[in-house]
Amino acid sequence: MLTNRQIKILQHLLIHSFYGTELAKVMKTSRRTIIRDISTIDDWLRENNYGYIDSSKKYLIVTKRDKVLKIEI
């Protein structure tokens, strides 16, 4: 299960992509915490077959089940 902070990060990523430093500023936490949370969120997305987080440039959720994911969180 995701923490409240991880759910908020996920909600932000459903709207648009972020650099780690941008997300850290929005969430008022460290970039390192964001990196750990993104890893946890990515694992959760993959385990539940919702998709994954592409981190090649910015953090971006890649999903085919967007509506189901929004209902779940």
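A residue is taken as buried when its relative accessible area is under 20%, and in this predicted model the residues of helix H3 that meet this criterion are Thr33, Ile34, Asp37, Ile38, Ile41, Asp42, Trp44 and Leu45. Seen down the axis of H3, these buried residues fall within an arc of 165°, so they line one face of the helix. An α-helix has 3.6 residues a turn, so residues three or four places apart point the same way. The cover over the buried residues of H3 includes helix H1 (4-15), helix H2 (20-27), strand E1 (51-54) and helix H4 (66-72). Helix H3 itself comprises 17 residues (residues 31-47), for which a rise of 1.5 Å a residue predicts a span of 24 Å, in agreement with the 24 Å that separates its end C-alpha atoms.

Ser39, which also belongs to helix H3, is partly exposed, with a relative accessible area of 39%. The C-alpha atom of Ser39 is separated by 8.5 Å from that of Ile53, although the two residues are 14 residues apart along the chain. Just after H3, Asn49 adopts a positive phi of about 60°.

Helix H1 can be described in a similar manner. For its 12 residues, a span of 16 Å is expected at 1.5 Å a residue, and the end C-alpha atoms of H1 lie 17 Å apart, which agrees. The buried residues of H1 are Gln6, Ile7, Ile9, Leu10, Leu13 and Leu14; viewed down the helix axis, they fall within an arc of 160° and so line one face of H1. The face turned away from this buried side carries the exposed residues Asn4 and Ile15, whereas the elements that cover the buried residues of H1 include H2, H3, E1, E2 and H4.

The largest nonpolar core contains 20 residues, among which Leu13 and Leu23 have the most contacts inside it, and H1, H2 and H3 each supply at least two residues of this core. When neighbours within four places in sequence are left aside, Leu23 is in contact with Ile9, His12, Leu13, Phe18, Ile34, Ile38 and Tyr59; of these partners, Ile9 and Leu13 are among the buried residues of H1, while Ile34 and Ile38 are among those of H3.

The two strands E1 and E2 (residues 60-63) pair in the antiparallel sense over four bridges, and a hairpin of five residues joins E1 to E2. Within this pairing, Asp54 stands opposite Leu60 of E2.

How values were computed. Residues numbered from 1 in each chain as written. Predicted model: local features only at pLDDT ≥ 70, side-chain atom pairs only at ≥ 80, totals over all residues. Heavy atoms only, no water. Expected span 1.5 Å × (residues − 1). Buried < 20%, exposed > 50% of the residue type's maximum accessible area, 1.4 Å probe, protein only. Arc of directions from axis to C-beta. Contact = heavy atoms within 4.5 Å. Pairing = 2+ DSSP bridges. Core = buried A, V, L, I, M, F, W, Y, C linked by side-chain atoms within 4.5 Å.
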